[in-house]
Amino acid sequence: MKKNMGTVDKVIRILVAVVVVTLYFTNVISGTLGIILLALSAIFVVTSIVNICPLYMLLGLSTRKKE
């Protein structure tokens with residue numbers, strides 16, 4: 001698969017994931033909403049690591065600089 005995520009996009013996703021995890025473990029968010037946000041955070045981290053966003057592929061988008 002072709003990589004389609006730029007550096008800024010990856011950093012933002014990881015920062016959002018860190019914030020959500022911090023809020024969850026400090027009990028600011030909890031319950032079903034907390035679990036959904038944790039799952040979304042996990043997806044953000046995985047897509048940042050592999051540099052591929054399936055949603056971007058479906059929409060034909062890319063935040064990666066041209067080589």
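This report describes the fold, the first helix, two loop residues and some side-chain neighbours of the structure above.

**The chain as a whole**

The model is a predicted one, and the secondary structure of its protein chain comes to three helices and zero strands, which read along the sequence as the pattern α-α-α. Taken along the principal axes, the box filled by the C-alpha atoms of the chain is roughly 45 × 20 × 15 Å. Of the 67 residues in the protein chain, 24% are buried, and the accessible surface of the chain comes to about 5,000 Å², with 73% of this area belonging to carbon and sulfur atoms. If one considers the contacts in the chain with a separation of 6 or more, 74% of them are accounted for by residues 24 or more positions apart.

**Helix H1 and its two sides**

Helix H1 covers residues 7-25, has 19 residues, and reaches 27 Å from its first C-alpha to its last, which is close to the 27 Å expected at 1.5 Å a residue. Which residues of H1 are buried? They are Asp9, Arg13, Ala17 and Val20. Seen down the axis of H1, these buried residues fall within an arc of 70°, so they line one face of the helix. The cover over the buried residues of H1 includes helix H2 (31-50) and helix H3 (54-59), whereas on the other side of H1 the residues Thr7, Val8, Leu15 and Phe25 are exposed.

**Two asparagines in the loops**

Most residues other than glycine have a negative phi. Asn27, although it is not a glycine, has a positive phi of about 60°, and its place is in the loop between H1 and H2. Asn51, which lies in the loop between H2 and H3, is another residue other than glycine with a positive phi, near 60°. Are these two asparagines buried or exposed? Asn27 is exposed, with a relative accessible area of 64%, while Asn51 is buried, with a relative accessible area of 14%; the table sets these values beside those of some other residues discussed in this report.

| Residue | Relative accessible area | Class |
|---|---|---|
| Asn27 | 64% | exposed |
| Asn51 | 14% | buried |
| Tyr24 | 23% | partly exposed |
| Phe25 | 62% | exposed |
| Thr47 | 7% | buried |

**Rings and a charge**

A pair of aromatic rings is described by the distance of the centres and the angle of the planes. In this model the count comes to one aromatic pair, formed by Tyr24 and Phe25, whose rings are 5.3 Å apart centre to centre and have 85° between the planes, an edge-to-face arrangement. Tyr24 is partly exposed, at a relative accessible area of 23%, and Phe25 counts as exposed, at 62%. Another ring is that of Tyr56, over which the charged end of Arg13 sits, 5.3 Å from the ring centre; Arg13 is also one of the buried residues of H1.

**The surroundings of Thr47**

Thr47 lies in helix H2 and is buried, with a relative accessible area of 7%. Leaving aside residues up to four places away in sequence, Thr47 touches Met5, Arg13, Ile52 and Pro54. Thr47 and Val11 are 36 residues apart in sequence, and the distance between them in space is 11 Å, C-alpha to C-alpha. Arg13 thus appears twice in this picture, once with its charged end over the ring of Tyr56 and once among the residues that Thr47 touches.

Definitions and conventions. Residues numbered from 1 in each chain as written. Predicted model: local features only at pLDDT ≥ 70, side-chain atom pairs only at ≥ 80, totals over all residues. Heavy atoms only, no water. Helix = DSSP H or I, 4+ residues; strand = E, 2+ residues; numbered from the N terminus. Expected span 1.5 Å × (residues − 1). Buried < 20%, exposed > 50% of the residue type's maximum accessible area, 1.4 Å probe, protein only. Arc of directions from axis to C-beta. Contact = heavy atoms within 4.5 Å. Phe/Tyr/Trp six-rings, centres within 6.5 Å; stacked < 30°, edge-to-face > 60°. Lys NZ or Arg CZ within 6 Å of the ring centre and 35° of its normal. Areas by Shrake-Rupley, 256 points an atom, 1.4 Å probe, with all protein chains shown as cover.
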